[in-house]
Amino acid sequence: MAGAAPFAYFCHAMSDLSDPTVTLPSGERVPQLGQGTWGMGESLRKRKEEVAALRLGIDLGLTLIDTAEMYADGIVEEIVAEAVEGRRDECFIVSKVLPENSTRASTIAACERSLRRLKTDRIDLYLLHWRGQPRLEETLSGFEALSDTGAIRYWGVSNFDVKDMEELYALEGGSVCATDQVLYNLRRRGIEAGLLPWCRDRGIPIMAYSPIEQGRLLCDRVLTAVAIRHQATTAQTALAWALRRPDMMAIPKAATLEHVRENRAALDIRLTDPGPRRARSRLPAAKAPTSL
Ligand code: NAP
């Protein structure tokens with residue numbers, strides 16, 4: 001919906017609605033709002049709080065957890081393992097292979113390392129973190145081998161633009177891709193002019209990362225004014241905006257209990273009617289595709 005109001009008047013929706021889900025191409029439904037983990041695992045001192053934040057998120061229904069072998073060199077996958085301990089079956093774990101590990105054999109080996117760190121027998125969704133040197137056929141072949149053994153349930157990509165997606169789709173089995181995880185928030189709307197409609201036409205949901213622009217959106221005066229008017233916080237308003245599309249997932253990272261609670265409550269905020277002209281001109285929709 002390029003050109004649509006960037007955000008708008010929100011009203012508190014009924015909180016008895018069940019949590020929204022997004023349907024993957026397989027037909028499986030996953031929570032629209034999940035949890036990111038980038039930036040965790042940097043300090044031993046914070047580990048307990050990070051695990052507690054993820055566990056609270058699971059309690060609140062944010063059972064889709066995004067991680068990657070890259071995050072703190074695998075330590076974050078261990079944090080995720082701790083957070084999902086005893087609750088693995090409730091959770092939908094997403095992890096990512098680095099491009100430098102994305103030949104067929106290296107993809108399989110990287111996944112096995114991630115499984116060990118995650119203390120699980122399967123990764124629900126395994127993504128290529130971004131495009132690298134190895135040919136896509138190689139990674140795809142690795143993903144297929146991992147799917148055959150049940151080590152991964154679905155595979156997808158991250159940071160792929162339309163050209164990358166077209167290349168992927170031209171490969172045999174390439175259209176089985178479950179998602180493209182990309183940067184998307186009120187200030188980063190480049191996908192609206194190309195990738196988003198491309199994926200929508202093919203039934204591929206987008207997973208939005210950095211939905212709060214790594215905290216930078218919190219200082220946005222216009223967004224904050226809208227949030228105050230609607231008795232929401234700035235972070236909640238940014239999330240509600242990202243989640244206004246039914247085929248969009250968002251994975252904010254929150255390492256405190258307060259932030260997790262606040263983010264979960266963004267699901268109870270609903271976009272209703274068109275937003276103020278001033279906001280529209282400040283945070284315009286993308287007119288042309290921009291690089292990811
Ligand atoms: P983000 O989620 O937009 O922002 C995270 C920052 O916002 C943290 O500093 C967090 O603080 C703060 N925050 C969260 N909830 C808040 C709230 N309610 N009020 C105030 N501040 C709040 O940025 P991100 O971490 O870059 O993106 C989210 C996730 O997407 C990542 O963690 C990662 O899993 C994934 N990601 C993927 C890629 C990729 O290439 N595929 C790239 C970037 C990110 P606290 O930590 O103190 O709570």
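Start by selecting L223, which is buried, with a relative accessible area of 0% (buried means under 20% relative accessible area, exposed over 50%, partly exposed in between, with a 1.4 Å probe and protein chains only). Before you go on, note that this is a predicted model, where local features need pLDDT of at least 70, side-chain atom pairs count only at pLDDT 80 or more, and totals for chains, interfaces and linings use all residues. Residues are numbered from 1 along each chain as its sequence is written, and side-chain values use heavy atoms, leaving out hydrogens and water.

**Stop 1: from α7 to α8**

L223 sits in helix α7; helices (H or I, at least four residues) and strands (E, at least two) are DSSP runs, numbered from the N terminus. Now add A235 to your selection: the C-alpha atoms of L223 and A235 are 9.0 Å apart, with their positions 12 residues apart along the chain. A235 belongs to α8 and is buried there. How many of the residues of α8 are buried? Nine of its nine are, so the helix is mostly covered. Among them you can pick out T234, Q236, L239 and W241.

**Stop 2: the loop after α8**

Move on to P246, in the loop between α8 (234-242) and β10 (248-250). Is P246 buried or exposed? Its relative accessibility is 65%, so P246 counts as exposed. Then select P205 as well: it is 41 residues from P246 in sequence, while their C-alpha atoms are 8.8 Å apart.

**Stop 3: helix α6**

Next, pick L196 in helix α6 (residues 195-201). L196 has a relative accessible area of 2% and is therefore buried. Measure from its C-alpha to that of M248 and you should get 9.5 Å, for two residues 52 apart along the chain.

**Stop 4: two backbone surprises**

Most residues other than glycine have a negative phi. Select S210, in the loop between β9 (206-209) and α7 (221-229). Its phi is positive, about 50°, although S210 is not a glycine. S210 has 16% relative accessibility, so it counts as buried. The loop between β9 and α7 also holds E213, with a positive phi near 55°. With a relative accessible area of 5%, E213 is buried.

**Stop 5: the ligand**

Finally, show the ligand and the 28 residues around it (a residue is near a molecule if one of its heavy atoms lies within 4 Å of it). Which residues come nearest? They are D66, S210, I212, K253 and H259, so S210 from the previous stop turns up again.

Three side chains are worth labelling for polar contacts (pairs of N or O atoms within 3.5 Å; within protein, one must be able to donate a hydrogen and the other to accept it, and residues adjacent in sequence count only if both atoms are side-chain atoms):

- K253: an N or O atom of its side chain is 2.6 Å from an oxygen atom of the ligand.
- H129: a polar side-chain atom is 3.4 Å from a ligand oxygen.
- E262: a polar side-chain atom is 3.2 Å from a ligand nitrogen.

The ligand taken alone exposes 900 Å², and the protein buries 86% of that (areas by the Shrake-Rupley method with a 1.4 Å probe; for residues, only the protein chains shown count as cover). To end the tour, colour helix α9 (residues 257-265), which gives the most to the shell around the ligand, with three residues.
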